[in-house]
Amino acid sequence: MELDTKSIQPHVSQATSLQATMQKLSSLQAGTLGELLAVAKLNTLGLAAYLSPEGAPGHDVMVIIKGKTFSIEVKTRQYLKRKEEITRWPVDMDKKGEADYFLFIEMNLNNISPTFYLLSNAQARETYKNYNGSGNCIPSHVRRLVDANDFSLLIQSI
């Protein structure tokens, strides 16, 4: 049986056209998506995770482990072609620095595939560069410090 490549061609062209016009989400959209994906991921790991109330100071997600509540600050950056497009995760340590954990997310927009990096507060501070009141956690440092999609910091507490 022969494959009819003429019938497949329009679909390939449409997919190629869609990728060519794909744009990044707004910062607010990316942040909201990251927070929702973080809660979903934590819940699939058997953790009781919840979005923090809107405007909660210093964190985006709460996780309850053995009756104790921990705060997680979620930072999401997005890319279209390579994760190296992400050069920083902006963090205001004056406002967010009390979170128990930081969850940095690299979001591949081509397939909405997140890569998670979970750091303790101390680890996040190791990756932080201060620029007069605001600063960034540096992705290359984050990637060297912890493995992608490793939630053992939280899992070992269960």
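What distance should the 18 residues of α2 span at 1.5 Å a residue? The expected value is 26 Å, and the end C-alpha atoms of α2 lie 26 Å apart, in agreement with it. This helix belongs to a predicted model, and its surroundings are described below after an outline of the chain.

The protein chain comprises six helices and eight strands. Along the sequence, these elements follow the order α-α-β-β-β-β-α-β-β-α-β-β-α-α. Of the 158 residues of the chain, 38% are classed as buried. Among contacts between residues at least 6 apart in sequence, 55% join residues at least 24 apart. The mean pLDDT of the chain is 87, with 85% of the residues reaching 70 or more. Confidence varies by element: the lowest mean pLDDT, 52, belongs to α1, and the highest, 97, to β1.

Helix α2 has a set of buried residues consisting of A30, G31, G34, A38, V39 and L42. These residues occupy an arc of only 165° around the axis and therefore fall on the same side of α2. The buried residues of α2 pack against strands β1, β2, β3, β5 and β6 (113–120), and also against helix α6 (152–155). After α2 comes G46, which has a positive phi near 90°.

The strands packed against α2 include β2, which spans residues 61–65. One face of β2 is covered and carries V61, V63 and I65, whereas M62 and I64 lie on the uncovered face. Strand β2 pairs with β1 (residues 48–51) in the antiparallel sense through four bridges. Within this pairing, V63 of β2 is opposite A49. Strand β2 is also joined to β3 (residues 68–79), again with antiparallel strands, by five bridges. In β3, S71 is the bridge partner of M62, and K68 stands opposite I65. The two strands β2 and β3 form a hairpin in which two residues separate them. One turn residue, K66, has a positive phi of about 50°.

Strand β3 has nine buried residues out of twelve, so the rest of the structure largely encloses this strand. Besides its antiparallel pairing with β2, β3 runs parallel to β5, to which it is joined by eight bridges. In the pairing with β5, Y101 is opposite I72.

Side-chain charge pairing was examined next. In general, side chains of opposite charge can pair when their charged atoms come close. Five salt bridges are present in the structure. One of them joins the side chains of E85 and K24, with an N to O distance of 3.7 Å. This pair links distant parts of the chain, as E85 occupies the loop between β3 and β4 (89–91) and K24 the loop between α1 (5–21) and α2 (27–44), 61 residues apart. E85 is partly exposed, at 30% relative accessibility, and K24 is likewise partly exposed, with a relative accessible area of 42%.

A second salt bridge is formed by E73 and K96, whose closest N and O atoms are 3.8 Å apart. Because E73 is located in strand β3 and K96 in helix α3 (residues 93–96), the pair ties together parts that are 23 residues apart in sequence. E73 has a relative accessible area of 1% and is therefore buried. Together with K75, E73 and K96 are linked in a network of salt bridges.

A further salt bridge brings together the side chains of R143 and E106, at 2.6 Å from N to O. R143 lies in helix α5 (residues 139–145) and E106 in strand β5 (residues 101–108), so parts 37 residues apart in sequence are tied together by this pair. With a relative accessibility of 21%, R143 counts as partly exposed, because burial requires a value under 20%. E106, at 1% relative accessibility, counts as buried.

Definitions and conventions. Residues numbered from 1 in each chain as written. Predicted model: local features only at pLDDT ≥ 70, side-chain atom pairs only at ≥ 80, totals over all residues. Heavy atoms only, no water. Buried < 20%, exposed > 50% of the residue type's maximum accessible area, 1.4 Å probe, protein only. Pairing = 2+ DSSP bridges. Salt bridge = Lys/Arg side-chain N within 4 Å of Asp/Glu carboxyl O. pLDDT = per-residue confidence, 0-100. Expected span 1.5 Å × (residues − 1). Arc of directions from axis to C-beta. Contact = heavy atoms within 4.5 Å.
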